[in-house]
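Here are a few exercises to work through with a structure open in front of you. Try each task yourself before you read its solution.

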Amino acid sequence: MPGEPGYWAVLKHADVAHVARNPELFSAERQGVLLENLPPERLEQTRNMILMMDPPRHTEYRKPLAEHFKARVIGEMEDRVRELSRALLESADGDVEFVHDVAGVLPSQVVGGLFGIPAEDWPSIRQWAEQSTSQQDPELVGDFDVTAELTKMAIYAIQFAMARRAQEPKADLTSLILAGEFGGKAMSDLEFGSFFTQLVTAGNDTTKTMLSSGLELLLQHPEQLAALRADPSLIPGAVEEILRVANPIHYFRRTATADTEIRGVPIKAGDKVAMWYTSANRDEDVFADAQRFDIRRNPNPHLSFGLAQHFCLGVHLARLEGRVFLEELLARFPKIEQTGESRRIRSNLNNGLKSLPLRLTR
Ligand code: HEM
């Protein structure tokens, strides 16, 4: 990395697990979770995001939130996710740019609905989330200023929280968070703004990638796509294999808090340590024939949602969206053809596509 000593790339499944399980030795809080150190004012803005907290503060914030993301609670959203998927696919017919026009729409609607955001604001949420993950792609970055856009999203959330405090509670995550206690006190509007920004960015592009890279993988393996069509009970397993092979996030970083070692390699206090999920998911000590895409792979202990303290809070929601969307897509379109080359987004963090031209035929 220009102008600095670099970072340690942790590549083995067991070593990624070791780093994730020892937050007192590998901190998410000291310098955040990205390889590029953030300027102090940006680092300060991340202080209220649970992704960038260490225990015990992390535990105090995560515990009350985790209640609302349990499998049973998220399971109740299935009908809604199906309804949104159907409406979206109803309007997608013929030639489409699948990443932006189809896959990107559902997650912003689902997250928007989770928070009780009015439907007319869902496109803005999607735009902000897309901009934050496009920062390293000169073609996509255009003339917008990422910091300014993220600030806009936080201001939107702060104003939304203020408005909602003045109203009767509703059956959504916003009301639950505003009524909850984090570290013994209620969340301030500012903290809500940070939390909202994190959830919107965490839940959008990751899910978009799962849906679009997943479909591309299935199109590249027509015999497995045919098997899924014939037996939709294979879909949950296919979603896991899609996540293993097309993990939406390449890595998250930690900072060593003391001199230590990994697999005999000395690591110094202050060193950057990156957990490369992309590599761990292909570890030959864990996955037989690791380079092969196999929707029947079982067990499939991929690390695409991380593990330990920071294990993805939205895991059940992501899996639900993956399963329901695929069920609806395959049921509606008996023929799906790729009409041009897919194009990858330029990023060392987001392992996604920026375009996937398809023809969907009923
Ligand atoms: C396929 C979709 C998704 C993938 C691949 C994914 C991946 C991840 C990963 C790898 C982490 C761990 C970070 C770490 O160890 O530092 C994480 C954490 C998190 N994810 Fe997800 N995520 C997805 C969807 C979602 C959704 C839909 C939501 C919510 C709506 C969400 C919310 C979060 C939150 C809040 C955290 C932080 C948890 C903590 O720090 O305790 N994610 N995610």
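## Cavity and ligand shell

**Exercise 1.** Sort the lining of the largest cavity by residue class: how many are nonpolar, polar and charged?

*Solution.* Keep in mind that this is a predicted model.
- Step 1: The lining has eight nonpolar, two polar and no charged residues.
- Step 2: Now put names to them: the lining is made up of Met210, Leu211, Gly214, Leu215, Val239, Ile242, Gly322, Phe325, Leu326 and Leu329.
- Step 3: Glycine counts as polar here, so look for Gly214 and Gly322 in the lining.

**Exercise 2.** Find out which helices supply at least two residues each to that lining, and how much space lies inside.

*Solution.*
- Step 1: The helices to pick are α12, α14 (235–245) and α16.
- Step 2: The space in this cavity comes to about 60 Å³.
- Step 3: Searching the whole structure turns up one cavity of 30 Å³ or more.

**Exercise 3.** Work out which residues make polar contacts with oxygen atoms of the ligand, and which element gives the most to the shell.

*Solution.*
- Step 1: Start with the side chains: a polar atom of Arg62 sits 2.7 Å from a ligand oxygen, and for an N or O atom of Arg254 the distance is 3.0 Å.
- Step 2: Then check the backbone, where an N or O atom of Ile50 is 3.3 Å from a ligand oxygen.
- Step 3: Zoom out to elements: α3 (57–66), α12 (189–220), β4 (251–256) and α16 (315–332) each give two or more residues to the shell. α12 gives the most, with seven.
- Step 4: Count by class: the shell holds 15 nonpolar, ten polar and two charged residues.

Notes: Residues are numbered from 1 along each chain as its sequence is written. This is a predicted model: local features need pLDDT of at least 70, side-chain atom pairs count only at pLDDT 80 or more; totals for chains, interfaces and linings use all residues. Side-chain values use heavy atoms; hydrogens and water are left out. A polar contact is a pair of N or O atoms within 3.5 Å; within protein, one must be able to donate a hydrogen and the other to accept it, and residues adjacent in sequence count only if both atoms are side-chain atoms. Helices (H or I, at least four residues) and strands (E, at least two) are DSSP runs, numbered from the N terminus. On a 1 Å grid over the protein atoms alone, a cavity is a set of points where a 1.4 Å probe fits but cannot get out, and a pocket is an open set with protein on both sides within 12 Å along at least five of seven lines; lining residues have an atom within 4 Å of a point. Grid points are joined across faces, edges and corners, and a volume is the space filled by probe spheres set on the points.
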